[in-house]
Amino acid sequence: MRKIKRPGALFVLFLVLLALVFTWFFAASEDYYDYASDTIESSASVAPLNKESLLARAVPARPAYDTEVKYRTFYLTAPGAKKVELLADFNRWGKDRIELKAYRKGYFETSVALTGGEYKYVFSVDGKDVLDPTNLDRRTVNGRDICIKTVR
């Protein structure tokens with residue numbers, strides 16, 4: 001009969017070290033998992049993980065406007081009109097009057113010095129608000145339709 005060799009002390013030491021390495025590896029993995037999951041959960045409130053919530057939080061950047069004063073012409077064709085005024089946010093909606101000069105065939109025109117920005121306006125034709133037919137950039141503010149003139 002053959003004698004079975006028993007494992008040596010060196011092999012037993014190897015198995016003990018291997019067990020210690022695996023224990024350390026799994027403990028470190030668990031710590032890393034806890035750290036990573038906490039980081040992802042806390043960063044989800046700062047940086048959303050899905051596109052829809054990212055788009056919902058996005059704030060449009062304000063465009064940079066030039067501060068140089070530029071003259072802009074406002075004109076309207078209103079045959080038969082006696083008086084045409086410009087009502088705008090830059091003249092306190094008509095409190096500082098800007099009357100358009102009348103030319104032939106009902107053509108009215110004025111030029112205004114403006115710096116860069118967005119300006120809201122309408123025309124007043126014989127006391128009635130009229131939108132600028134050449135400007136399709138329009139909004140409704142407080143139930144009133146207005147035109148927007150953008151100066152860049």
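Contact means that heavy atoms lie within 4.5 Å. Keep in mind that you're looking at a predicted model, where local features need pLDDT of at least 70, side-chain atom pairs count only at pLDDT 80 or more, and totals for chains, interfaces and linings use all residues. Residues are numbered from 1 along each chain as its sequence is written, and side-chain values use heavy atoms, with hydrogens and water left out.

**Exercise 1.** Find out where Lys149 sits and what Lys149 touches.

*Solution.* Start with the strand: Lys149 belongs to strand 8, residues 144-151 (strands are DSSP runs of E, at least two residues, numbered from the N terminus). Next, skip residues up to four places away in sequence; Lys149 then touches Arg72, Thr73, Phe74, Gly117, Glu118, Tyr119, Tyr121 and Asn135. Finally, check the charge: Lys149 is buried (under 20% relative accessible area, 1.4 Å probe, protein chains only). Lys149 has no salt bridge (a side-chain nitrogen of Lys or Arg within 4 Å of a carboxyl oxygen of Asp or Glu). The nearest side chain of opposite charge, Asp132, is 5.6 Å away.

**Exercise 2.** Work out the order of the open sheet and name the edge strands.

*Solution.* Three strands line up as 1-4-3, with antiparallel pairing (two strands pair if DSSP finds at least two bridges between them). Strand 1 (70-77) and strand 3 (101-102) each have a single partner strand, so they stand at the edges, with one side lacking a neighbour in the sheet. Now zoom in: strand 3 and strand 4 (residues 107-114) pair over two bridges. Lys101, for one, has Glu109 in strand 4 as its bridge partner.

Methods: Helix = DSSP H or I, 4+ residues; strand = E, 2+ residues; numbered from the N terminus. Buried < 20%, exposed > 50% of the residue type's maximum accessible area, 1.4 Å probe, protein only. Lys, Arg positive; Asp, Glu negative; His and termini not counted.
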